[in-house]
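Please read this briefing alongside the sequence and the coordinates. The topics are overall fold, surface and charge, and aromatic side chains.

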Amino acid sequence: MTLEITTPAVMFPSVSLLLLAYTNRFLALAGIVRGMDHCSGDEYEISQIENLKKRMAYIKIMQYLGVSSLLMCVISMFFIFFSIEILGIGAFVISLALMIVSLVFSLKEIQISLEALKIHLNRCEYKED
């Protein structure tokens, strides 16, 4: 199997957009955390804080994996440029695997975010009764 130098380069726009999306998620989450001036310690706030901590951990992992994927793409291109094809292919495969894991964590973070919204809706429903 041969791998052209342009093949890993195709991932650059998609990885860049993913990292931008991950950064936007992080900034939104940071805004929520910074906006929490006081905590009463009730069950609702504790569950939301635990949820935010999980989301922050997942976003950190997503960002690390996304950047690592981009780095492996560059390394792959480096090896292909110097005609070390087997290492280029290996680095590209690792890059793809890192991106897949990053996307899996992204899906999990979305799921956790939806759980936070459910908690909030349940609280609003409880207040109306």
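The points below begin with the chain as a whole and end with individual ring pairs. The model is predicted, and the values given here are computed from it. The protein chain has four helices and zero strands, and its C-alpha trace spans about 70 × 25 × 20 Å along the principal axes.

**Overall fold**

- From the N terminus on, the order of elements in the protein chain is α-α-α-α, in keeping with the count of four helices and zero strands.
- The protein chain has a radius of gyration of 20 Å, whereas a compact globule of 129 residues would have one near 14 Å.
- When contacts between residues at least 6 apart in sequence are considered, 82% of those in the protein chain join residues at least 24 apart.

**Surface, burial and charge**

- Of the 129 residues in the protein chain, 29% are buried.
- The protein chain exposes about 8500 Å², and carbon and sulfur atoms supply 70% of that area.
- The charged side chains of the protein chain comprise 10 positive and 12 negative ones, and the centres of these two sets lie 3 Å apart.

**Aromatic pair between helices α3 and α4**

- A search of the whole structure finds four aromatic pairs, among them the pair of Tyr58 and Phe105, which is edge-to-face because the ring planes meet at 65°, with the ring centres 5.4 Å apart.
- This pair links distant parts of the chain, since Tyr58 lies in helix α3 (residues 43–81) and Phe105 lies in helix α4 (residues 85–128), with their positions 47 residues apart in the numbering.
- Phe105 has a relative accessible area of 24% and is therefore partly exposed, the range for that class starting where buried, under 20%, ends.

**Aromatic pair and cluster at Phe78 to Phe82**

- Phe81 and Phe82 also form an edge-to-face aromatic pair, with 5.0 Å from centre to centre and 85° between the planes.
- The two partners fall into separate exposure classes: Phe81, with a relative accessible area of 59%, is exposed, while Phe82, with 47%, is partly exposed; the cut-off that separates these classes is 50%.
- Ring pairs join Phe78, Phe79, Phe81 and Phe82 into a cluster.

Note on methods:
Residues numbered from 1 in each chain as written. Predicted model: local features only at pLDDT ≥ 70, side-chain atom pairs only at ≥ 80, totals over all residues. Heavy atoms only, no water. Helix = DSSP H or I, 4+ residues; strand = E, 2+ residues; numbered from the N terminus. Rg over C-alpha atoms; globule rule 2.2 N^0.38 Å. Buried < 20%, exposed > 50% of the residue type's maximum accessible area, 1.4 Å probe, protein only. Contact = heavy atoms within 4.5 Å. Areas by Shrake-Rupley, 256 points an atom, 1.4 Å probe, with all protein chains shown as cover. Lys, Arg positive; Asp, Glu negative; His and termini not counted. Charge placed at Lys NZ, Arg CZ, Asp CG, Glu CD. Phe/Tyr/Trp six-rings, centres within 6.5 Å; stacked < 30°, edge-to-face > 60°.
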